[in-house]
There are 2 protein chains.
Amino acid sequence: MENRIKTLFGIRYPVIQGGMVWCAGWELAAAVSEAGGLGLIGSGSMSSDELRRQIRACRRATRKPFGVNLPLMNAKAESHLDVILQEKVGIVFTSAGDPSRYTSRLKAENVRVCHVVSSSRFAMKALQAGVDAVVAEGFEAGGHNGREETTTMVLVPAVCRAVNIPVIAAGGIATGRQMLAAFALGAEGVQMGTRFVASREASCHENFKKKVLELGEGDTMLALKSLQPVRLVKNEFFEEIHWAETHGVKPRELKRLLGRGRSRKGMLEGNIRHGELEIGEVSALIDEIKGAGEIVREIIREFEKELNRMKSLHL
Amino acid sequence: MENRIKTLFGIRYPVIQGGMVWCAGWELAAAVSEAGGLGLIGSGSMSSDELRRQIRACRRATRKPFGVNLPLMNAKAESHLDVILQEKVGIVFTSAGDPSRYTSRLKAENVRVCHVVSSSRFAMKALQAGVDAVVAEGFEAGGHNGREETTTMVLVPAVCRAVNIPVIAAGGIATGRQMLAAFALGAEGVQMGTRFVASREASCHENFKKKVLELGEGDTMLALKSLQPVRLVKNEFFEEIHWAETHGVKPRELKRLLGRGRSRKGMLEGNIRHGELEIGEVSALIDEIKGAGEIVREIIREFEKELNRMKSLHL
């Protein structure tokens, strides 16, 4: 059975590391790509100069394919795009915005483009914009999320039914079993963010990594629904905004309450109580910080073991 | 590979029909059991006399095993239990309440007991209460739901890790592919509610069945979080309570606003705009009303086809 994701990106294993803000620097991306997956540099928390340095450092660290995640609503998106094209990055994952904005410019430079979607309607829009693949990211995923709250179990088959380009499943995936489940739903690859936050190479603060290990079921929640929904750790910061959200506080007031730099404070500076900590539900299943390459190999091993177990299954 | 769910209930296929209020009468339960699955009578919307009539009618309609779903917080739970024991029902699925309440009484009468859980903590509580199996029901499921919002993709592996009794996956499952995904996650059976609402034998109003066919992604939402979370169709009834919930209305006021009999009004009487319509996210994938037996056979056929496809998979 052909796997279009491996062919599209020229990688050995269809395991993609999410380009998470404050976590996904060149060390992480290079380690994942070196192990045969696809590493992504997360440009969302970087200046364009920083992004350029990160791309160059990644290229020195690995000769394998890697990419950049580009959030389209980011104020620096346009200048990030220039850097990406100047540095001849071959793979771009766009998210949070209109896929028609840059796809044709990227495709004209022979860049492989993949767009993150939270619904089959957005997947069709991405297909029309000319992307090569989509990431179908469910409600359980960490960070920015869709408004419709469709979970990975429902979203992946819905997107696979709607478009005929390859689909990468994201949200709630950290193990080989979950990767196999995603393939059963029709995906040809998986993207994992949360699992790679708890990796040695992630560039976030150690306090955040340790917090991820402690999280159990119910310790994250989708918040900020009146602005842009984000899945967060339920810490003091969350409680503050959650109270406001359930007591009729208007979006503009909510923005002021939020202040600026709360995700930097949480994820980069390690303020676990008052910072914004973006992470997925699957943190409940993660108990150990590991090397990113080891994470890729472990997932593939478990995937193959579980696939063998499934082969002896009959009803 | 042994399947403990088939053995436990003495059924041919590990496909269980949820005991949904206003939908799961004897006609539906008997049709599912006749097709080799496990049909459940939903006692939550019945009087105890009605439940007795339903059990007797189901026994006349099929000699195959069937069961009753018993919501434990229901005011009639105690008298329902008497009926279940008097009528010698062999299988009971308990939900929404403390599993230690009736499990030992049921087990003493040789009844197979399965409890519905929304977290691994509740699964361990059910194990301690002595149940034979658990249903791990994710956030995407219709009707009553957990507070932690853990989705099927994360919940099923978490519950399988926590307990060694067999696990039935529920929430977001309506197709053979999704059933296969649930098995990849470690489940040994699936419970489906939404798929069987859109069946010829479901006892709800035709208006509700037709509404289910129309629903797309994002057309249901988890509501009533300050009382008891329930996944509903986003109709006028939903909009009313959603406004109240996001504007600091207290639980007691919310209860008054709800009024009584809104689920009856919606699901039994067919008031699609002002009634409460409990349904899961997977309604987005359902386009046709079918016979319940046909639904069981179709799911098994797709499961086997997709399993064969997976057998030719390698990375």
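Helices and strands in this talk are DSSP runs, numbered from the N terminus. With that settled, I begin with Asn110(A), which is found in the loop between α5 and β5 (112–117) of chain A. Please keep in mind throughout that this is a predicted model.

Asn110(A) has a positive phi of about 65°, although it is not a glycine. For context, most residues other than glycine have a negative phi. Is Asn110(A) buried or exposed? With 8 other C-beta atoms within 10 Å, Asn110(A) is exposed, because a residue counts as exposed at 12 or fewer.

A second residue of this kind is Ala96(A), whose phi is positive, near 45°, and which is not a glycine. Ala96(A) sits in the loop between β4 (91–95) and α5 (103–108) of chain A. Around Ala96(A) there are 19 other C-beta atoms within 10 Å, and the residue is therefore partly exposed; the threshold for a buried residue is 20 or more.

I turn now to chain B and to strand β6. Five of the five residues of β6(B), residues 133–137, are buried, so this strand is largely enclosed by the rest of the structure. Both of its faces are covered: Ala133(B), Val135(B) and Glu137(B) lie on one side, with Val134(B) and Ala136(B) on the other, and all are buried.

Which strands pair with β6(B)? One is β5(B), residues 112–117, which pairs with β6(B) in the parallel sense over four bridges. Within that pairing, His115(B) has Val134(B) as its bridge partner. Another is β8(B), residues 167–170, also joined to β6(B) by four bridges and running parallel. There, Ala136(B) stands opposite Ala169(B). The connection from β5(B) through helix α6 (residues 120–129) of chain B to β6(B) makes a right-handed β-α-β unit.

Chain B also holds an open sheet of three strands, in the order β7-β11-β10, with antiparallel pairing. Its edge strands are β7 (143–144) and β10 (220–223) of chain B, each pairing on one side only. Between β10(B) and β11(B), residues 230–233, there are four bridges, and the two run antiparallel. In this pair, Thr220(B) is opposite Val233(B). Helix α11 of chain B, residues 236–245, lies across β10 and β11 of chain B and runs at about 45° to β10(B).

Helix α8 of chain B, residues 176–184, resembles β6(B) in one respect, namely burial. Nine of the nine residues of α8(B) are buried, so the helix is largely enclosed by the rest of the structure. Among them are Arg177(B), Gln178(B) and Phe183(B). After α8(B) comes Gly186(B), with a positive phi near 115°.

Finally, the contact between the chains. It takes 47 residues from chain A and 47 residues from chain B. On the side of chain A that touches chain B, the elements giving two or more residues are α7 (152–162), α8 (176–184) and α14 (292–311) of chain A. The largest share, seven residues, comes from α14(A). By class, that side has 22 nonpolar, 15 polar and ten charged residues.

How are the two copies related? A turn of 180° and a shift of 0.0 Å along the axis lay chain A on chain B with an RMSD of 0.0 Å. That is the relation of a two-fold axis. Moreover, 100% of the interface residues of chain A are also interface residues in chain B, so the copies meet through the same surface.

Key
Residues are numbered from 1 along each chain as its sequence is written. Chains are lettered from A and ligands numbered from 1 in the order in which they are written. This is a predicted model: local features need pLDDT of at least 70, side-chain atom pairs count only at pLDDT 80 or more; totals for chains, interfaces and linings use all residues. Two residues are in contact if their C-beta atoms, placed from the backbone, lie within 7 Å. Ala, Val, Leu, Ile, Met, Phe, Trp, Tyr, Cys and Pro count as nonpolar, Asp, Glu, Lys and Arg as charged, and the others, Gly among them, as polar. Copies are superposed by least squares on the C-alpha atoms of residues with pLDDT of at least 70 in both. Two strands pair if DSSP finds at least two bridges between them. Axes are lines fitted to C-alpha atoms, for helices over the stretch in contact, and angles run from 0 to 180 degrees between N-to-C directions. A crossover is right-handed if, with the strands pointing away from the viewer, the path from the first strand over the helix to the second runs clockwise.
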